[in-house]
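Here is a short briefing to read alongside the model. Please keep the sequence and the 3D view open as you go.

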Amino acid sequence: MTQHSRITASVDYEKNGKQVGYLSAPHSHNLSGWGAARFPIAVIRNGSGPTMLLTGGNHGDEYEGPIALTKLIQALDPARIQGRVIVMPFLNAPAVAAGTRVSPIDGVNMNRTFPGDPLGTVTRMVAHYVHSRLLPLADAVADIHSGGKSMFFSPFAAVHELDDKALMEKSRRAMLAFDPPIGLLVRELDVAGTLDTEVEKAGKVLVTTELGGGGTTSTATIGLAERGVRNLLRHFGVLDGAPETRASLGLKPTRLMVAKEDAYVATDHSGLLEMLVDLDAPVSAGQPIARVYDLEHPGAAPALYHARSDGFLIGRSHGALVAAGDFLAMIARDA
Ligand code: CA
């Protein structure tokens, strides 16, 4: 039996023009017995055509998506598009408001709870609504991520290794249209419960990114997000004109890279992290890339961590304090 969503929307997905409203998820708590948690959503539509679903703030401490998509909502003129753009700039709005990766309401990580639960906690309800109500409307989805407060990445857009090779190729072309500095074909560490996996299961194009991190932004990473999202809209025919290429801006073309299971390095120790290589530096398999010092035993030799493959450091822990099990580094090779 299909459970109906408890969420109501203040926007009409079939209406032409620009609407900026919210999804309302019932949230009864001590300060508001009959209250609701609101999740901003914009629908920009002009007649028939493809539908793009654009999301930022899936994790609440990643800011390029929220900023670039807020600017897009304000700038997009419905008369100048063909089709429909659905934007949730702060997908996990309570987490964005709190500046935290997961929701302060229920402690749930939005991107580990898809396809959600209509009778679950607030974050699960919203994931279910996105999956059951918005995803069926969308031809393609872009979910803009960054490293958050705990990680930092050399900016990349990514598509996943998929069994459906035709979908993988469509996704790869969309990723190239985003025109990132690095275009990564990635095998993820942990895909269960992600929006990505559900979009791909539905046979639709998903482009995701990691555009920086550390809980902040730069003019460069926000520019990448803005240009990338507009290029995607052009790629799918929602906006007119050819994508704005890196070449036309005098930038080096997208570097195609791959990351397999051996891309990731995690720590077995807790303590103080000293990275031995910086982002974008070349590394070779077996090369020491980090030391972790024991905070209780400064006389003890640090634990040494090594690259598991040749390549380039494209991601690292942002924090200098790490705990056993934490992500330390991501290494990708040229494709
Ligand atoms: Ca993220």
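What follows moves from the overall fold to the metal site, the cores and some local details.

This is a predicted model, in which local features need pLDDT of at least 70, side-chain atom pairs count only at pLDDT 80 or more, and totals for chains, interfaces and linings use all residues. Residues are numbered from 1 along each chain as its sequence is written, and side-chain values use heavy atoms, with hydrogens and water left out.

**Overall fold**

- The chain has 6 helices and 19 strands; helices (H or I, at least four residues) and strands (E, at least two) are DSSP runs, numbered from the N terminus.
- With a radius of gyration of 20 Å, close to the 20 Å that the globule rule gives for 335 residues, the chain is as compact as a globular protein of that length. The radius is taken over C-alpha atoms, and the rule is 2.2 Å times the number of residues to the power 0.38.
- The C-alpha trace spans about 65 × 55 × 40 Å along its principal axes.
- Of the 335 residues in the chain, 52% are buried. Buried means under 20% relative accessible area, exposed over 50%, and partly exposed in between (1.4 Å probe, protein chains only).
- Among contacts (heavy atoms within 4.5 Å) with a separation of 6 or more, 71% come from residues 24 or more positions apart.
- About 14500 Å² of the chain is exposed, and carbon and sulfur atoms supply 54% of that area. Accessible areas come from the Shrake-Rupley method with a 1.4 Å probe; for residues, only the protein chains shown count as cover.

**Calcium site**

- Which protein atoms serve as donors of the calcium ion? They are H59 (ND1), E62 (OE), E62 (OE) and H145 (ND1), lying 2.3 to 2.6 Å from the ion. Donors are N, O and S atoms within 2.8 Å of the metal (3.2 Å for Na, K and Ca); water is not among the atoms, so sites may look incomplete.
- The donor residues follow the spacing H-x2-E-x82-H in sequence. E62 and H145 link distant parts of the chain, 83 residues apart: E62 is in the loop between β4 (51-56) and α1 (64-75), and H145 is in the loop between β6 (140-144) and β7 (151-153).
- Both of these donor residues are buried, E62 at 2% relative accessibility and H145 at 4%.

**Nonpolar cores**

- The largest nonpolar core has 33 residues, and those with the most contacts inside it are L54, L76, V85 and L233. A nonpolar core is a set of buried Ala, Val, Leu, Ile, Met, Phe, Trp, Tyr and Cys residues joined through side-chain atoms within 4.5 Å.
- Another core, of 30 residues, lies apart from the largest one and includes V11, L23, M110 and V126.
- Beyond four places in sequence, L76 is in contact with K18, I44, I81, V85, L233 and L239.
- M52 lies in strand β4 and is buried, at 1% relative accessibility. Leaving aside residues up to four places away, M52 touches R84, V85, I86, A140, L232, L233, F236 and V238. The C-alpha atoms of M52 and R84 are 6.4 Å apart, although the two residues are separated by 32 positions along the chain.

**Around T113**

- T113 is found in the loop between α2 (93-98) and α3 (122-134), and T113 is buried at 9% relative accessible area.
- What does the side chain of T113 meet in a polar contact? Its partner is the side chain of R124, at 3.2 Å. A polar contact is a pair of N or O atoms within 3.5 Å; within protein, one must be able to donate a hydrogen and the other to accept it, and residues adjacent in sequence count only if both atoms are side-chain atoms.
- Not counting residues up to four places away, T113 touches V108, T123, R124, A127 and G193.
- A cis peptide bond joins F114 and P115, with omega of about 5°, and P115 lies in the loop between α2 and α3.

**Strand β14 and two aspartates**

- V283 sits in strand β14 (residues 282-283) and is buried, at 6% relative accessibility.
- The C-alpha atoms of V283 and A307, 24 residues apart along the chain, are separated by 7.0 Å.
- D280 is not a glycine, yet has a positive phi of about 80°; D280 lies in the loop between β13 (271-275) and β14 and is partly exposed at 44%.
- D179 also has a positive phi, of about 65°, and is buried at 11% relative accessible area in the loop between α4 (165-178) and β9 (182-186).
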